[in-house]
Amino acid sequence: MRFHLVAALYVLYFSRFYSLAKGEKAVLCLTIGLVFAMELLNTAVENAVNVSANTKYHPFAKLAKDAAAGAVLAAAVCSVLVGLCLFADIAILKKILQFQFGKGYRAILFVISIILGVWFIFYPPKRKGKQEERK
């Protein structure tokens, strides 16, 4: 979910460089919403299966988790295809790079945003409640 949130923020930021029609903006927002909805559904299915399985292995539990994860993957692949359809314009991509790295402070802010995004994705806050339950 964290990866998709960071990706969505970058997509929305860079979409301002394109002259998207209202319909294209709607498709973009619906695509982002679809990925978030599938992530939430995946989390719900995984938690429900974990509670019902009660630490016992069951092949249907694996099947349910795999199907939910597959739904997220399908939504993510669909979002990439939508992104390619909307943003695959080399001339605009060059303008974005020139804008982003044309001035030093913008390049520094962009690199900082990437570092913070990577940190947000890979270093989530530790939850005390989960650690106490395991002990």
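**Close-up 1. I96 in helix 4 of this predicted model.** Let us start with I96, which sits in helix 4, a helix made of residues 90-102. Is I96 buried or exposed? Its relative accessible area is 7%, so I96 is buried. Which residues does I96 touch, once those up to four places away in sequence are set aside? They are F14, F17 and Y18. For a sense of distance, look also for P124, which is 28 residues from I96 along the chain. The C-alpha atoms of I96 and P124 are separated by 30 Å.

**Close-up 2. T31 and its surroundings in helix 2.** Here we move to T31, found in helix 2, which covers residues 22-53. T31 has a relative accessibility of 9%, and because buried means under 20%, T31 counts as buried. Follow the side chain of T31 and you will find that it reaches the backbone oxygen of V27, at 2.7 Å. Which residues is T31 in contact with, leaving aside neighbours within four places in sequence? Look for S79 and V82.

**Close-up 3. The whole of helix 2, from its length to its buried residues.** How far apart are the end C-alpha atoms of helix 2? They are 46 Å apart. Helix 2 has 32 residues, and at 1.5 Å a residue it should span 46 Å, so the two values agree. T31 has company here: the buried residues of helix 2 also include L28, I32, V35 and M38. Further names on that list are E39, N42, V49 and A53. What covers these buried residues? The cover includes helix 1 (2-14) and helix 3 (59-87). Just after helix 2 comes N54, and its phi is positive, near 55 degrees.

**Close-up 4. A salt bridge between D66 and K62.** How many salt bridges does a search of the whole structure find? The search finds one. In this view, the side chains of D66 and K62 meet, with 2.6 Å from N to O. Where do these two residues lie? Both D66 and K62 belong to helix 3, and they are four residues apart, about one turn of the helix. Now check how open each partner is. D66 has a relative accessible area of 42%, so D66 is partly exposed. K62, at 43% relative accessibility, also counts as partly exposed.

Methods: Residues numbered from 1 in each chain as written. Predicted model: local features only at pLDDT ≥ 70, side-chain atom pairs only at ≥ 80, totals over all residues. Heavy atoms only, no water. Buried < 20%, exposed > 50% of the residue type's maximum accessible area, 1.4 Å probe, protein only. Polar contact = N/O pair within 3.5 Å; in protein donor to acceptor, adjacent residues only side chain to side chain. Contact = heavy atoms within 4.5 Å. Expected span 1.5 Å × (residues − 1). Salt bridge = Lys/Arg side-chain N within 4 Å of Asp/Glu carboxyl O.
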